[in-house]
Amino acid sequence: MESAAVGRRYHRLEVAAPDLAARTRPGQFYHLLCRDAAGNGPFLRRPMSVWRIGAEGRLGFLLHVKGLGTSALARLRAGDQLSLVGPLGQGFTLRPGWRRILILARGVGLATLAPLTEAAAARGIAVQAVLSARAPEDLMAAEFAGGSGAIIDAVYDTDGTSEPPAVEALLRRRFATARPDAVFTCGSNRLFQLLQRLAAEYDIPGEVALEQQMGCGLGMCFCCVRPIRLADGSVAQQRVCTEGPVFDLQQALAW
């Protein structure tokens, strides 16, 4: 296991799990037991999206350290063990023939989308990304892009460029100059609604990874249900852990 701080508020964990890594798809998640080496931490597991799927058989998780569970995980060190259940849920879709995708992410949502960048690059699909953060020191652009060669536009709260009108103008320029074949998002309700509206206007398919608290992570407790619009226009309560966490961009509803 490797453990290290990333910026002011985040922490990364990487564990050796070759069998699990071979079965994990971008967008899936694991249910982690948040205990430190001394056994301290909350009783319930926490859902964590996969940040890295290493070719060498490693799984990486990028944590926003803000509570008892994530603080316990951040205290793990080399030689410690991590109990995890997964891979769980439905991952992202990359269709044959796509040449370019665009990703819109904020905060730790970029961890969910990071594996998608490398999966796309491996298929020869170019990646454009708009990453939103409070300030430049919170961006984690290198952690997002990995070795994918993604072209990144950064927007921040500190200079106002992360406000939806500014992001909309940026996206419209990107759609006009290099129209993507699909769009993906995670991490912000406001940005999700913006991308949903623009994707419908430009007739571009897309997906959103929803973040939700979970009890079991296996579909039994129905703690994580969210309203999803079905193909016939009706709305159903679907489980983020099982039917998601990745949903069609136009079927997911704002939270």
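H11 lies in strand 2, which covers residues 10–16; helices (H or I, at least four residues) and strands (E, at least two) are here DSSP runs, numbered from the N terminus. The model is a predicted one, in which local features need pLDDT of at least 70 and side-chain atom pairs count only at pLDDT 80 or more, while totals for chains, interfaces and linings use all residues. Residues are numbered from 1 along each chain as its sequence is written, and side-chain values use heavy atoms, with hydrogens and water left out.

With a relative accessible area of 8%, H11 is buried, a term that stands for under 20% relative accessible area, as against exposed for over 50% and partly exposed in between (1.4 Å probe, protein chains only). The side chain of H11 is joined to that of S3 by a polar contact of 2.5 Å, and a polar atom of the H11 side chain lies 3.5 Å from the backbone oxygen of A74. A polar contact is a pair of N or O atoms within 3.5 Å; within protein, one must be able to donate a hydrogen and the other to accept it, and residues adjacent in sequence count only if both atoms are side-chain atoms. Leaving aside neighbours within four places in sequence, the residues in contact with H11 (heavy atoms within 4.5 Å) include S3, F61, L63, A74 and R77.

A second buried position is G244, which counts as such because its relative accessibility is 0%. G244 is found in the loop between strand 14 (235–239) and strand 15 (246–248). Beyond its neighbours within four places in sequence, G244 is in contact with G89, Q90 and R239, and its C-alpha atom is separated by 9.2 Å from that of L88, although the two residues are 156 residues apart along the chain.

What of the cysteines? A disulfide is a covalent bond between the sulfur atoms of two cysteines. Here a disulfide is taken to be a pair of cysteine sulfur atoms within 2.5 Å, and by this rule the count comes to zero. C221 is in no disulfide, the nearest cysteine sulfur being that of C216, 3.7 Å away. C224 is likewise in no disulfide, and the nearest cysteine sulfur, that of C241, is 3.7 Å away. As for their surroundings, C221 counts as partly exposed at 40% relative accessibility, whereas C224 is buried, with a relative accessible area of 2%.

Finally, V85 has its place in strand 7 (residues 84–88), and its relative accessible area of 30% makes V85 partly exposed.
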